[in-house]
Amino acid sequence: MKKFVGRVGIEHWAWVMVVMVWCLSGAILGSGNENIAKYKDPKQPVGVRVKDLIGRMTLQEKIGQMIQIDRIAATPHLMTKSFIGSLLSGGGSTPRPRASAADWVNMVNDFQKGCLSTRLGIPMIYGIDAVHGHNNVYNATIFPHNIGLGATRDPELVRRIGDATAIEVRATGIQYVFAPCIAVCRDPRWGRCYESYSEDPKVVQEMTDIILGLQGDIPSGSRKGVPYVIGKNKVAACAKHFVGDGGTTRGINENNTLTDVHGLLSIHMPAYYDSIIKGVSTVMVSYSSWNGKKMHENREMITGFLKGTLKFKGFVISDWAGLDRITSPPHANYTYSVLAGVQAGIDMIMLPYNVTEFVSDLTYLVKNKFISMDRIDDAVERILLIKFNLGLFENPMADLSLVNEIGSQAHRNIAREAVSKSLVLLKNGKRESEPLLPLPKKASKILVAGSHADNLGYQCGGWTIAWQGFRGNNETSGTTILDAIKSSVDKNTEVIYSENPDTQYLKSNHFSYAIVVVGEHPYTETVGDSQTLTMADPGPDVINNVCGSLKCVVVVISGRPIVIEPYLSVIDALVAAWLPGTEGQGVTDVLFGDYGFTGKLPRTWFKSVDQLPMNVGDSHYDPLFPFGFGLTTKTMVARSVSAGIDGRPYIAFVVIFLFVGLYFQGKVF
């Protein structure tokens, strides 16, 4: 890929001329009485700038603004030729393996230059799935997936995660994230359940505070419900997937949600009310259907309810090839799909590849009056509004000023805190009077077992580096749970790791206790749909062998509740750790008592899959662990604070306070 940073010679001066033309284009394009085009004037109200620019655009330029394609299908020439309004990186779509922040910035700027060289110089907006941190980017901070954040019940923490995510995304030159997912997962068999904060719409509503972190605080005096983005360190957010994606029959991805209007509005819609009030910039439409009607062609819900009743002013974007999937089989009648999707109220189309066919079909539909120019103008005005809000017309090019923010210690500290607050303690001791947790750091020898103890990919889950996630420890940086255990225990404590030890091995060693880490392998979307919800092998054997031989705590790494009841009686302590991300120390922070367990189940833990779907309030509610359940423990000791390790310096003040108290009691010195 060509890089423009530091280049001299002909291409350098050619680019200088492009910038000069872009800066002066307002004077060229304006009428004889204007010194500058209004859309180029930052002193003008955004509404005036949008109207001025729309009035100057041809149909082809407007259609170009409605297009979003993957970077794989793009070239700077195509951006110029087809007036492309937006690019994205799908899961795993990167400039190169292990691309640095500078690589990303250079790539985005390369494409942006193609847009700025057009007649009107309209900048493009670049989107990416930053769903638990900037998860496509090597060395980025990977936060717990949403199900874990729902367990924290801490909107302020989620807001800080949004802020950290926005900074890391902006560090790579990207201005738009396809987050948050505000689905209300009603059946854990759904492969995207970990992207949902909770089965309870009230918890999901609270977690929409992440939008304030991503976009910034609502400006003082601003009307509620008006999209905004505050400053160059913030990004446009996207509430998804509108609407009912978490309620499909048997949890089948992209399937049909069967519910009446009351069920849709009371369970699946509330988080959209909150998101719009908090100024979310965009909304993504769901692949799923509501009572048999595909959401991508549901004009009643998109135009009538979202844009009409809820007064949403930002733009509506399709999901990946969402128009294609209106028909069955997909792409069977693409002209119809374009007509149905655009007429339904979708403003930006995530194609993500075939530009020529879309442009041809939409041009035909408009010129033959199947789609009105008013509908096209509505779509483009909404897109331009967000671009003006982002300041792209004033600052279209990214720089390298934030590159050191990728995976910064400050952000990893937030992630570590999130992990410790997300863990849910489900069992602590076979008898209530004999709790196993917190674990002692001083022990002669401890065993760590299970496939998930030393696997960064497993603990991060799907949507990490690649679309379906990864396995092993080599694709990004972080701390595995095993490494966190080794760094947490006393220096004289021996830590032995054996993924699947046999009974003879267990008997021949004298372990003080065992930590078993098992769970699911990474998955994303339909790949994760499961009708059995069993843990990955050899997890059950590891639990039975280890916990049948010595005291053990089982840590479950999963994107949802999984079958655990058959093993519960042999387990001494049980922890739901969800998909914690890169900061494994957050797990050991609570296992060893540096902090107490505080997490609460964001969704019901079933006894058997035969009970599903089963949510709190159902008449047949008979869970293994109910929604909101979570045992607590007290802090054992105050962990010392070391630079670059801990983000909670108040612990040092607690230690000092205790020391001073002991001094005045005559118990020291």
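**Exercise 1. Place G64 in the predicted model: in which helix is G64 found, is G64 buried or exposed, and which residues does G64 touch, not counting residues up to four places away in sequence?**

*Solution.*
Step 1: start with the ground rules. This is a predicted model, where local features need pLDDT of at least 70, side-chain atom pairs count only at pLDDT 80 or more, and totals for chains, interfaces and linings use all residues. Residues are numbered from 1 along each chain as its sequence is written, and side-chain values use heavy atoms, with hydrogens and water left out.

Step 2: G64 belongs to helix α3 (residues 59–65). Helices (H or I, at least four residues) and strands (E, at least two) are DSSP runs, numbered from the N terminus.

Step 3: G64 has 0% relative accessibility, so G64 counts as buried. The cut-offs are under 20% relative accessible area for buried and over 50% for exposed, with partly exposed in between (1.4 Å probe, protein chains only).

Step 4: leaving out residues up to four places away in sequence, G64 touches S82, F83, I84 and G85; contact means heavy atoms within 4.5 Å.

**Exercise 2. What geometry do the rings of Y176 and F178 have, and which parts of the chain does the pair of F242 and Y272 link?**

*Solution.*
Step 1: recall the criterion. Rings of Phe, Tyr and Trp (its six-membered ring) pair if their centres lie within 6.5 Å; planes under 30 degrees apart count as stacked, over 60 as edge-to-face and the rest as tilted. Searching the whole structure gives 11 aromatic pairs.

Step 2: for Y176 and F178 the ring centres are 5.0 Å apart and the planes lie at 75 degrees, so this pair is edge-to-face. Y176 and F178 are both buried.

Step 3: F242 and Y272 also form an edge-to-face pair, with 5.2 Å centre to centre and 90 degrees between the planes. This pair links distant parts of the chain, 30 residues apart: F242 lies in strand β5 (residues 238–242) and Y272 in helix α11 (residues 270–277).

Step 4: check burial too. F242 is buried, with a relative accessible area of 0%, and Y272 counts as buried at 1% relative accessibility.

**Exercise 3. What is the strand order of the open sheet of 3 strands, and which are its edge strands?**

*Solution.*
Step 1: the order is β6-β8-β9, with mixed pairing. Two strands pair if DSSP finds at least two bridges between them.

Step 2: β6 (256–257) and β9 (293–294) are the edge strands, each pairing on one side only.

Step 3: β6 pairs with strand β8 (residues 289–290) in the parallel sense over 2 bridges. T257 has W290 in β8 as its bridge partner.
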